[in-house]
Amino acid sequence: MMSSTLQLLVEAWWAWLLLVHCVANMPLTKHLRVAVIDSNPALKSRNYLKKDGIPDSRVSTVTPATISFFRDIGAWEHILQQRHDFFDKMQVWDYTGLGYTRYNARDVGKQYLGCVVENKVLCNSLLLRLQEQKEDIENMIYPARLVSLAFPSKNRQVRVAGLKPPSTEAVSIGHTSGELHRSSLVKLDLSDGQTLYSKLVVGADGSKSNVRQIAGIKTSGWSYPQSAIICTVEHIAANDCAWQRFLPSGPIALLPVGDNFSNIVWTMSPEEASRHKSMSPEDFVKSVNHALDFGYGPHPNSSSLDYYMEKLFSGIGDTAASTKESFQVPPKAIGLISERMAFPLSLMHSHDYVSKGLALVGDAAHTVHPLAGQGVNLGFGDAAALAKVISEGVSVGADIGDLSLLNRYENDRKAANVAMAAVLDGFQKMYSVDFGPLNILRAAAFHSAQYISPLKKNIISYAMGDKKSPLFS
């Protein structure tokens, strides 16, 4: 039983960011007692991961806004001790060969556009930082599964399908039953027989969130007719640029992960994904190089149209540094060094992020298309916003599970998350149609971003988390 407690249900590792931020860095929330319910054995790791090992295929591209947040809570120093790779350039182009856009961090006066980090490194760094702040970290983690939740306003208990309710007595943590008004707390039954009570439950258990389903929160969305293959490939020399090419079946991205390695995120039909996953490593590498080079269409070439477009838009704002950069061919992959994983793609958004005693963050609240690598950064943004709201509530003596308080978090994050989801869904739909005249119009609009410097700068700032709209603002 826990009084004045923040309870986190963690399955997605970005929720650790919220945990660290709340208990270790905000003076007003240091007194909150925290429990993390997660049976993931990876949470037992407390050592730096070797830089000279084979990179994992599960990576995230974190934006400067997210990096700033990690620095604020003291976790970024741990990431710098492990494998990571900053990139300051990005090239995006169309398979028709009619257009391309180059982005450079110098366009907005920054040193880098983002940093590619393995998911396990992010998780491990947050754990290490948490251990620095909380010596009793082992007592905070419950390696169990959630069986049922009972909310204060509901007399009924809702169980997770397939799990039996516990038969043992509730575990008391630091308080007697007489000291707690259990009727005002959320009750959580765990698979190991323990029962916890909390003022606030934070559901961070992924897109198929049991917490969200138990709470009865509805969602809207759809499945895309696409799957994504992820893996790690090797080059002869280091890759220092993020590359993305839009193909008829979906985009393929080549992201630097350090040394001579890059991560592949390739969107295609489920049938193609199955075929690419089962082909030999040698054939797969050939297919990757084909998709990133002359496959499906020619390279974009400079033309007289480029000259006139540059002249036309040169007087609109300060010229971006990347405007004069020509198209470049990505580095060739020479080998596949990791397993290939495939997963279906979908868009999902929760109608509500909060209810009394409950808040959803990250994929539990929303999922988006991975074509811009923004999903994880939206989750980090959720964590930062919720931590701020909790701190504000504690400062005025409010109940941290109070709905009026939690609504501030939802109002702050829902608009930003819906906007990003709409932008990414629009790109997905725009490139899902292969029709000659539409291809030309699409490529022309796409290519214009290379020369309209204010638009280019705004797109970069939006992707970096510095602005709320990708258009002029």
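# Exercises on a predicted model

Strand S6 (100-104) and helix H11 (403-430) are among the elements that cover the buried residues of helix H13. The model is predicted, and the exercises below start from this helix.

## Exercise 1: Helix H13

Task: List the buried residues of H13, name two elements that help cover them, and find what phi Gly465 takes.

Solution.
- Step 1. H13 spans residues 453-463. Its buried residues are Ser453, Leu455, Lys456, Asn458, Ile460, Ser461 and Tyr462.
- Step 2. The cover over these buried residues includes S6 and H11.
- Step 3. Gly465 comes just after H13, and its phi is positive, about 90°.

## Exercise 2: The pair H10 and H11

Task: Describe how the axes of H10 and H11 are placed, then give the hand of the crossing and the residues that make the contact.

Solution.
- Step 1. Two packed helices are described by the angle between their axes and the distance between the axes.
- Step 2. H10 covers residues 375-395, and its axis comes within 9 Å of that of H11, crossing at roughly 160°.
- Step 3. An angle over 145 degrees counts as roughly antiparallel, and H10 and H11 are therefore roughly antiparallel to each other.
- Step 4. The crossing of H10 and H11 is right-handed.
- Step 5. H10 contributes Leu378, Gly381, Asp382, Ala385, Leu386, Val389, Glu392 and Gly393 to the contact, while H11 contributes Leu405, Leu406, Arg408, Tyr409, Asp412, Arg413, Asn417 and Met420.
- Step 6. Sorted by class, the contact of H10 with H11 has eight nonpolar, three polar and five charged residues.

## Exercise 3: The pair H2 and H10

Task: Carry out the steps of description for H2 and H10, taking the angle and distance of their axes, the hand of the crossing and the residues that meet.

Solution.
- Step 1. H2 is made of residues 64-72, and it packs with H10 at an angle of about 40°, the axes being 10 Å apart.
- Step 2. That angle makes H2 oblique to H10.
- Step 3. The crossing of H2 and H10 is left-handed.
- Step 4. On the H2 side are Thr66, Phe69 and Phe70, which meet Asn377, Phe380, Ala383 and Ala384 in H10.
- Step 5. The contact of H2 with H10 divides into five nonpolar, two polar and no charged residues.

## Exercise 4: Val257 and Asp259

Task: Is Val257 buried or exposed, and what residues does Val257 contact? Then locate Asp259 and describe its phi.

Solution.
- Step 1. Val257 is placed in strand S16.
- Step 2. The relative accessible area of Val257 is 4%, so Val257 is buried, the limit being under 20%.
- Step 3. Apart from neighbours within four places in sequence, Val257 is in contact with Pro55, Val59, Arg83, His84, Asp85, Val116, Ser262 and Asn263.
- Step 4. Pro55 lies 202 residues from Val257 along the chain, and their C-alpha atoms are separated by 7.5 Å.
- Step 5. Asp259 sits in the loop between S16 (250-258) and S17 (261-268). Asp259 is not a glycine, yet it has a positive phi of about 55°.
- Step 6. With a relative accessible area of 48%, Asp259 is partly exposed.

## Exercise 5: Tyr296

Task: In which loop does Tyr296 lie, and what is the phi of Tyr296?

Solution.
- Step 1. The loop holding Tyr296 runs between helix H8 (281-292) and helix H9 (304-313).
- Step 2. Phi of Tyr296 is near 75°, a positive value in a residue other than glycine.
- Step 3. Tyr296 counts as partly exposed at 44% relative accessibility.

## Exercise 6: Gln244

Task: Place Gln244 in its strand and list what Gln244 touches.

Solution.
- Step 1. Gln244 belongs to strand S15, residues 241-247.
- Step 2. Gln244 is buried, its relative accessible area being 7%.
- Step 3. Not counting residues up to four places away in sequence, Gln244 touches Met90, Gln91, Val92, Trp93, Pro251, Ile252, Ala253 and Leu371.
- Step 4. Between Gln244 and Pro330 there are 9.5 Å from C-alpha to C-alpha, and the two are 86 residues apart in sequence.

## Exercise 7: The whole protein

Task: How many helices and strands does the protein have, and where does pLDDT stay under 50?

Solution.
- Step 1. The protein has 13 helices and 22 strands.
- Step 2. Of its 473 residues, 55% count as buried.
- Step 3. Mean pLDDT is 81, and 79% of the residues reach 70 or more.
- Step 4. Over residues 1-12 pLDDT stays under 50, and the model has 76 contacts for them beyond four places in sequence. Over residues 158-180 pLDDT also stays under 50, with 46 such contacts.

Note on methods
Residues numbered from 1 in each chain as written. Predicted model: local features only at pLDDT ≥ 70, side-chain atom pairs only at ≥ 80, totals over all residues. Heavy atoms only, no water. pLDDT = per-residue confidence, 0-100. Contact = heavy atoms within 4.5 Å. Buried < 20%, exposed > 50% of the residue type's maximum accessible area, 1.4 Å probe, protein only. Helix = DSSP H or I, 4+ residues; strand = E, 2+ residues; numbered from the N terminus. Axes fitted to C-alpha atoms, helices over the stretch in contact; angles between N-to-C directions. Parallel < 35°, antiparallel > 145°, perpendicular 65-115°, else oblique. Left-handed = near helix turned anticlockwise from the far one by under 90°. Nonpolar A, V, L, I, M, F, W, Y, C, P; charged D, E, K, R; others polar.
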